[in-house]
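Subject: Structure for your review

Dear colleague,

Please find below the structure that I am handing over to you, with its sequence. My notes on what was found follow directly after it.

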Amino acid sequence: MKLKPDFDLRDICGRKVLVPEGLSNIDYSSIIHLNETAAYLWEQLKIKENFELDDMVALLMQEYNVSAEVAKTDCSELLSQWHQAHLLNE
C-alpha cells in the first residue's frame, strides 16, 4: 500500500488535519482530522515507498509501547478508515 500523495498533514488550531491538494482533489469536500497516533503513523508512512499492516504495527509498538495484538487491531481499523476515505493507493 501507499498513501495518496495529494494530502498534506497540517496542524490547524492545534488539530492534525489532512488537507487535499492538487487538481485530482478539487471536488474533495471533507476535512479529515487525525488523532495524535494516526498523525504519527501518517508522517512515518508518507516517507515510505510502500508499506504493509505489519509496518504500521511495528511503528505503533515502537512509539507507544503497546502489545502486538492491540497495535494490529488499531492499525487494521485505521487502514479500513483510510481506505473508506480514499487515502490509499493499493
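I begin with Y64, which is partly exposed, with a relative accessible area of 26%. Please keep in mind throughout that this is a predicted model.

Aromatic pairs

Two aromatic residues can be described together as a pair. A pair of aromatic rings is described by the distance of the centres and the angle of the planes. In this model the count comes to 2 aromatic pairs. One of them joins Y40 and Y64: the ring centres are 5.9 Å apart and the planes stand at 85°, so this pair is edge-to-face, the cut-off for that label being over 60 degrees. Y40 belongs to helix α1 (residues 36–46) and Y64 to helix α2 (residues 53–64), so the pair ties together parts that are 24 residues apart in sequence. Y40 is buried, with a relative accessible area of 13%, whereas Y64, as said above, is partly exposed.

W42 and W82 also form an edge-to-face aromatic pair, with 5.2 Å from centre to centre and 85° between the planes. W42 lies in helix α1 and W82 in helix α3 (residues 68–84), so this pair ties together parts that are 40 residues apart in sequence. Both W42 and W82 are buried.

The contact of α1 with α3

W42 and W82 also take part in the contact between their two helices. On the α1 side the residues are A38, L41, W42 and L45, and they meet C75, L78 and W82 in α3. What kinds of residue make up the contact of α1 with α3? The residues divide into 7 nonpolar, no polar and no charged. The axes of the two helices, α1 and α3, come within 12 Å and cross at roughly 75°. An angle of 65 to 115 degrees counts as roughly perpendicular, and α1 and α3 are therefore roughly perpendicular to each other.

The sheet

I now turn to the strands. In which order do the 3 strands of the open sheet stand? The order is β2-β3-β4, and the pairing is antiparallel. The edge strands are β2 (7–12) and β4 (32–34), each of which pairs on one side only. From one strand to the next, the twist averages 35°.

β2 pairs with strand β3 (residues 15–20) in the antiparallel sense over 6 bridges. Three positions let you follow this pairing in the model. F7 has P20 in β3 as its bridge partner, R10 has V17 in β3 as its bridge partner, and I12 stands opposite R15 in β3. The same two strands, β2 and β3, form a hairpin with 2 residues between them, and C13 in the turn has a positive phi of about 55°.

On its other pairing, β3 joins β4 in the antiparallel sense over 3 bridges. V17 is a useful residue to look at here, as its bridge partner in β4 is H33, while R10 is paired with V17 as well. When you view these strands, please recall a general rule: in a regular strand the side chains alternate between the two faces of the sheet.

Helix α1 meets the sheet too. β2, β3 and β4 are touched by α1, which packs on the sheet, and the direction of α1 makes about 140° with that of β2.

Residues in the loops

Three loop residues are listed below for you to locate in the model.

- K48 is found in the loop between α1 and α2. At 32% relative accessibility, K48 counts as partly exposed. The C-alpha atoms of K48 and M1 are separated by 9.8 Å, although the two residues are 47 residues apart along the chain.
- N65 has its place in the loop between α2 and α3. N65 is not a glycine, yet it has a positive phi of about 55°. N65 is exposed, with a relative accessible area of 72%.
- H86 is found in the loop between α3 and β5 (88–89). H86 also has a positive phi, of about 60°, and is not a glycine. With a relative accessible area of 55%, H86 is exposed.

To follow these notes in the model, you might start from W42, which pairs with W82 and is one of the residues of α1 that meet α3.

Yours sincerely

Terms used. Residues numbered from 1 in each chain as written. Predicted model: local features only at pLDDT ≥ 70, side-chain atom pairs only at ≥ 80, totals over all residues. Heavy atoms only, no water. Phe/Tyr/Trp six-rings, centres within 6.5 Å; stacked < 30°, edge-to-face > 60°. Helix = DSSP H or I, 4+ residues; strand = E, 2+ residues; numbered from the N terminus. Buried < 20%, exposed > 50% of the residue type's maximum accessible area, 1.4 Å probe, protein only. Pairing = 2+ DSSP bridges. Axes fitted to C-alpha atoms, helices over the stretch in contact; angles between N-to-C directions. Contact = heavy atoms within 4.5 Å. Parallel < 35°, antiparallel > 145°, perpendicular 65-115°, else oblique. Nonpolar A, V, L, I, M, F, W, Y, C, P; charged D, E, K, R; others polar.
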